[in-house]
Every structure is written in structure tokens, then in C-alpha cells.
Amino acid sequence: MKIAVFGANGYQGKLVAAELVRRGVEAVLVGRDPVRLARAAASVGLVHLEKRVATVDDHPGLVEALRGCDAVVNCAGPFTPSGEAVVRAAITAGLHYVDTAGEQLYISGIFATFAAAAEAAGVTVVPATTDACLPADLLAHLLAARIGPLDELTSIHVIAGGGGPSRGSLRSVIETIESVRAGGLAYDDGAWRPGVPVRRDAVTLPGEPEATRVVRFPLPEVVTVPRHVAVRHMEGLAEAELVERLNSPVPAAVVESLPEGPSEDSRRGQRFTYVLDALGADGRRARGIVRGTDTYGTTAAIAAESACRLAAGPVKAGVLAPAQAFDSLDFLDYLAQHGIRWSIEEPPAG
């Protein structure tokens with residue numbers, strides 16, 4: 001098994017490459033700058049790995065850099081301006097594709113643009129294999145299996161600590177700030193739409209005595225879940241204070257002067273809680289909860305595992321949501337070894 005890591009010189013890319021090596025997988029580091037690529041490999045003790053140079057604006061060169069690999073993990077955000085080029089090259093080269101994108105409109109565009117091409121090429125494309133989207137998508141599948149077709153599904157993200165985002169994450173916010181400010185898409189009556197009125201402005205989270213103020217946020221799972229779950233309305237929410245901070249992004253020049261990303265100690269101190277509140281078409285309710293630490297480390301484990309599962313095959317071709325590509329229960333149980341805990345709660349009958 002040979003897995004390429006595109007954007008391997010970046011903060012998330014180095015974590016993914018290290019995770020693949022930890023598993024004994026042959027990793028190929030791909031990036032646009034040979035000096036930065038070599039420096040990044042040395043910084044995480046991966047000088048022995050094969051390195052290939054390619055840029056997103058050179059399709060033949062990028063295809064050649066990916067050839068001979070079984071899958072590629074694209075970690076080169078922001079994804080909105082450049083991600084499609086990597087998907088296109090992966091399909092041309094005949095290898096599976098996953099990425100660490102959290103940009104909702106980009107992810108929606110991958111489904112719209114590449115579904116037919118990926119299926120025709122026998123390639124599987126699974127965007128947003130991250131700490132947030134993949135567990136939420138898989139858990140939504142299990143919720144629907146528990147209580148049937150859904151009238152409403154609300155996904156809520158709360159993250160505390162962590163030492164701040166990486167430079168790549170900040171660049172993604174800058175690239176997609178208008179979508180963040182507008183709240184992104186909601187799924188409503190069979191279509192993804194902007195500007196749908198928010199159903200809830202406060203949520204009582206697990207273990208919290210008081211409600212938390214929330215606002216609409218462009219979460220990736222709003223794009224993926226309705227592709228495999230029968231749901232009439234789905235929206236994504238995030239803690240209002242976080243969104244208010246994101247609405248005033250750091251200028252691009254300042255971003256470049258910041259540390260590449262949070263320290264390992266800071267990441268260990270981070271806590272995240274993702275909640276899925278489901279209302280069945282028959283009036284039954286259920287709540288799915290995902291808890292964990294270290295969003296960047298967790299994303300590295302999830303993206304590496306996703307690429308390895310696709311490479312091991314067999315898997316359906318096309319652009320797929322996580323729950324369409326992987327067994328939901330098996331993958332969630334696998335994540336327990338990385339500190340991810342999940343549960344489904346139903347209120348007592350009557």
C-alpha cells in the first residue's frame with residue numbers, strides 16, 4: 001500500500017504523513033516546493049520518505065506525481081481555490097482521494113463536479129475526512145437507523161482550548177469568510193439552500209446546566225448526511241462566540257507571521273463536543289454525541305484510516321459521503337483507540 005500526501009509540507013500534512021508511517025504504510029510526500037518539502041520531512045523525522053514535486057496548476061505534472069499510489073490525502077488548504085485540481089488529477093491517475101477540507105461550498109462542489117468522472121474511472125472520492133465531518137456523518141447514519149426517517153437533524157459543534165488554529169485553517173476562513181458570515185447552506189425539503197431561517201438559537205449541551213447561544217455555521221456534514229439519510233431539514237450550528245471571532249479574521253499578512261499551528265501540548269488540552277439532535281418523522285427524538293481531544297491529531301488519524309480503507313478495497317466508485325464509503329459502526333468503534341467517544345441517547349418513553 002502506498003499513500004500520497006499532497007500538501008505534506010503543511011501543518012496538517014505533516015501530521016497525516018507521520019500517522020501513515022506510524023502504521024507502517026509507505027507514504028509519498030507531495031508538494032510544490034522541494035526545499036519546503038525536505039524541511040518539513042526533516043522536522044518530523046521523515047527524511048527517508050519519497051518526495052515528489054508538483055503544483056496544482058500543472059495537471060500533467062500532478063498526475064505524474066500521484067501515479068503508482070493507491071490513494072492520496074489532500075491536506076493543502078484552503079481547498080476552495082485549489083482542491084478541485086487535486087481531485088481531477090487523482091481521477092486521471094486512477095487512485096482514490098480523501099481530504100481534510102472543512103469548507104462547505106467546496107465539498108458541495110466536489111459532489112456536483114466529479115461524481116460521474118470518479119464513477120467512470122472506478123475511483124472513490126471522499127471529501128471532509130476530518131475530526132468533525134466524518135464522525136458526525138457516520139453517527140447520523142446510525143441515528144436514522146435507530147429512529148427511522150427524520151423530520152429534523154441539527155448538528156452542533158463546540159470546541160474549547162487547543163492553542164488556536166493553524167495557519168492553513170486561518171487561510172481557509174479568509175477564503176470562505178462570506179459563507180461563514182452568511183451561515184452557509186441548510187438542507188430543506190430536498191435541496192441545499194442558503195438563507196433558510198435558523199430553527200434554534202440556543203442549545204443545552206451534554207453536562208451543561210445552561211443553554212449555549214448558537215448560530216448557523218457552514219458545517220460539512222450538512223452537505224454529506226442528506227445523501228444517505230432521509231431527512232426533511234438539516235442545519236449546522238456552532239457556538240456564537242466562536243463564529244463572532246471568525247467573522248473578524250486575521251489579515252492575511254498577519255497570518256503568515258503566526259506559528260504554523262498549535263503545539264502538541266496545546267492540542268492535547270483541546271476538547272471538542274459534536275452533538276446531533278434528531279427528530280424522527282414519527283415524533284421520536286434521539287441525540288448522538290461525539291467527544292474527543294486534539295482536532296488536528298484526530299483528523300490525521302481519520303484521514304489516514306480513510307485512505308487506507310479505500311486502498312484496501314473493495315469500495316464503491318464515485319464521490320461518496322463517509323457513511324456511503326465505510327461501515328459506520330466499525331469506523332466509529334475504531335476511533336475509540338484515538339480517544340473518540342460516541343453515544344446515542346433517547347429520552348424515556350412517555
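**Surface, core and loops of a predicted model**

Q: What accessible surface does the protein have, and what share of it belongs to carbon and sulfur atoms?
A: Let's begin on the outside, with areas from the Shrake-Rupley method and a 1.4 Å probe, where for residues only the protein chains shown count as cover. The accessible surface of the protein comes to about 14,300 Å². The share belonging to carbon and sulfur atoms is 51%.

Q: What kind of model is this, and which pLDDT is needed for side-chain atom pairs to count?
A: Residues are numbered from 1 along each chain as its sequence is written, and side-chain values use heavy atoms, with hydrogens and water left out. This is a predicted model in which totals for chains, interfaces and linings use all residues, local features need pLDDT of at least 70, and side-chain atom pairs count only at pLDDT 80 or more.

Q: Why does the radius of gyration of the protein agree with a compact globule?
A: The radius is taken over C-alpha atoms, and the globule rule is 2.2 Å times the number of residues to the power 0.38. For its span, the C-alpha trace covers about 60 × 45 × 35 Å along the principal axes. With 350 residues, a compact globule would have a radius near 20 Å, which agrees because the protein has 19 Å.

Q: How many helices and strands does the protein have?
A: Both are DSSP runs numbered from the N terminus: helices are H or I with at least four residues, strands are E with at least two. By that count the protein has 15 helices and 16 strands.

Q: What percentage of the contacts with a separation of 6 or more joins residues 24 or more positions apart?
A: A contact here means heavy atoms within 4.5 Å. Among the contacts with a separation of 6 or more, the share from residues 24 or more positions apart is 76%.

Q: How far apart are the centres of the positive and negative side chains?
A: Lys and Arg count as positive and Asp and Glu as negative, leaving out His and the chain ends, with each charge placed at NZ of Lys, CZ of Arg, CG of Asp or CD of Glu. The protein has 33 positive and 41 negative side chains. The centres of the two sets are separated by 2 Å.

Q: Which helix gives the largest share of the largest nonpolar core?
A: A nonpolar core is a set of buried Ala, Val, Leu, Ile, Met, Phe, Trp, Tyr and Cys residues joined through side-chain atoms within 4.5 Å, where buried means under 20% relative accessible area, exposed over 50%, and partly exposed in between (1.4 Å probe, protein chains only). The largest core has 70 residues, and V16, L20, V73, L153 and L335 have the most contacts inside it. Its largest share, nine residues, comes from helix 6 (residues 133-147).

Q: Which residues does L335 touch, not counting those up to four places away in sequence?
A: L335 is among the residues with the most contacts inside the largest core. Leaving out residues up to four places away, L335 touches L134, P135, I302 and I340.

Q: Why is helix 4 described as largely enclosed by the rest of the structure?
A: What covers its buried residues includes strand 1 (2-6), helix 3 (59-66), strand 4, strand 5 (96-99), helix 5 (104-121) and strand 6 (124-126). Helix 4 is largely enclosed because the number of its eleven residues that are buried is eight.

Q: Is A93 buried or exposed?
A: A93 lies in helix 4. Beyond its neighbours within four places in sequence, A93 is in contact with V63, L66 and R67. At 17% relative accessibility, A93 counts as buried.

Q: Is P149 buried or exposed?
A: P149 sits in the loop between helix 6 and strand 7 (150-160). Aside from neighbours within four places, P149 is in contact with A230, G280 and A281. With a relative accessible area of 53%, P149 is exposed.

Q: Where is P78 in the structure?
A: A cis peptide bond joins G77 and P78, with omega about 0 degrees. P78 is placed in the loop between strand 4 (71-74) and helix 4 (83-93).

Q: Is D294 buried or exposed?
A: Phi of D294 is near 60 degrees, a positive value in a residue other than glycine. D294 is found in the loop between strand 14 (285-292) and helix 13. At 13% relative accessibility, D294 counts as buried.
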